Amino acid sequence: MNAVTARRAFVLCAALGTFAACAFSQTEPAFRADTTLVLVPVTVTDPANRYVLGIPKESFHLYEDGVEQKVTHFSTEDAPLSVGLIVDVSGSMGLKLRLSSNAVNDFLKTMNSSDEAFLAEFSDQAEIVQPFTHDMSLIGKKMEALTSGGLTAMLDAIHISLDEMKKAGNPRKALIVISDGGDNHSRYNSGQIEQLVRQADTQIFAMGVFEPAGPFGLTIAELDGPRLLSELAEQTGGRALAATSDRELPAIASRIGVELRNQYVLAYSPTNHEHDGKYRKLEIKLDQPAALPALKARWRLGYYAPSD
């Protein structure tokens, strides 16, 4: 099988999802029902937080529950994305909603024609206001129509967005949350959402919009917001970026878009063949190139094995 055919087969395999049943022959891709393929997006940055590309496959060492795995497929190609944009429209956002709209528009500028996105909003309740579409202008129009008011059901919004993501048509999936993180009205709690995030094959990025404490200080929910967003992002290999001022939001949105287009994707078939539904921890160790400063890799921290 030549390199082009292998690459196409890998993309087809990836499109089947985290637990794709794939095997490859020397002549053409074949598919078996007993093979699990796990995809692990990896971001590599230098000390200045610049993305580092060009690192060979041999420099990545991938471990599942402490056991090194053989990386069978490796790609740095810009594969199509399925993205969910989750926007806080609660009363606490207020005038920040216009800047959130600008941030969404800046992110959409990084999207390609093969990408798709949906838009969710949340205040007292969470709602999908624009289902998956390849027409990014529809997202922008819906953003312009949003108004702020009410309480903050952020966790409910993540829940319905993970459910919406099941309709994704692309193998690489990400949710982007724009919020102050101060949840105070969700039916679901943080533990339930963290469990769902661990199960989902979706990276989470967060743009935190946090304000200095007023004369009466911050509420417990507002204090807990940055921690919660950071933990959800870290679980999936994404990141939480806080704006020190509202004006920084568009630049942060663009940075997330660039990061999604500058990732390595590693794939492997686990040596543990048990379909026990248990959580398996992932670790990436990177050989340090001699000519480069100390590099940092980020990846999703684990996944749940399939269950019979």
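The pLDDT is the predictor's confidence in each residue, on a scale from 0 to 100. In this predicted model, the chain has a mean pLDDT of 83, and 83% of its residues reach 70 or more. Local features need pLDDT of at least 70, side-chain atom pairs count only at pLDDT 80 or more, and totals for chains, interfaces and linings use all residues. Residues are numbered from 1 along each chain as its sequence is written, and side-chain values use heavy atoms, with hydrogens and water left out.

**Low confidence**
- Over residues 1-34 the pLDDT is below 50, and it also stays under 50 over residues 213-218.
- Where pLDDT is low, the predicted coordinates should not be read in detail.

**Nonpolar core**
- The largest nonpolar core (buried Ala, Val, Leu, Ile, Met, Phe, Trp, Tyr and Cys residues joined through side-chain atoms within 4.5 Å; buried means under 20% relative accessible area with a 1.4 Å probe, protein chains only) has 32 residues.
- Among the residues with the most contacts inside this core are Phe107, Met207 and Ile256, and contact means heavy atoms within 4.5 Å.
- Ile256 touches Phe107, Ile176, Phe205, Met207 and Leu241, leaving aside residues up to four places away in sequence.

**Helix H2**
- Helices are DSSP runs (H or I, at least four residues) numbered from the N terminus, and the buried residues of H2 include Leu97, Val104 and Phe107.
- Seen down the axis of H2, the buried residues fall within an arc of 160° (taken from the directions from the helix axis to the C-beta atoms), so they line one face of the helix.

Key:
Buried < 20%, exposed > 50% of the residue type's maximum accessible area, 1.4 Å probe, protein only. Helix = DSSP H or I, 4+ residues; strand = E, 2+ residues; numbered from the N terminus.
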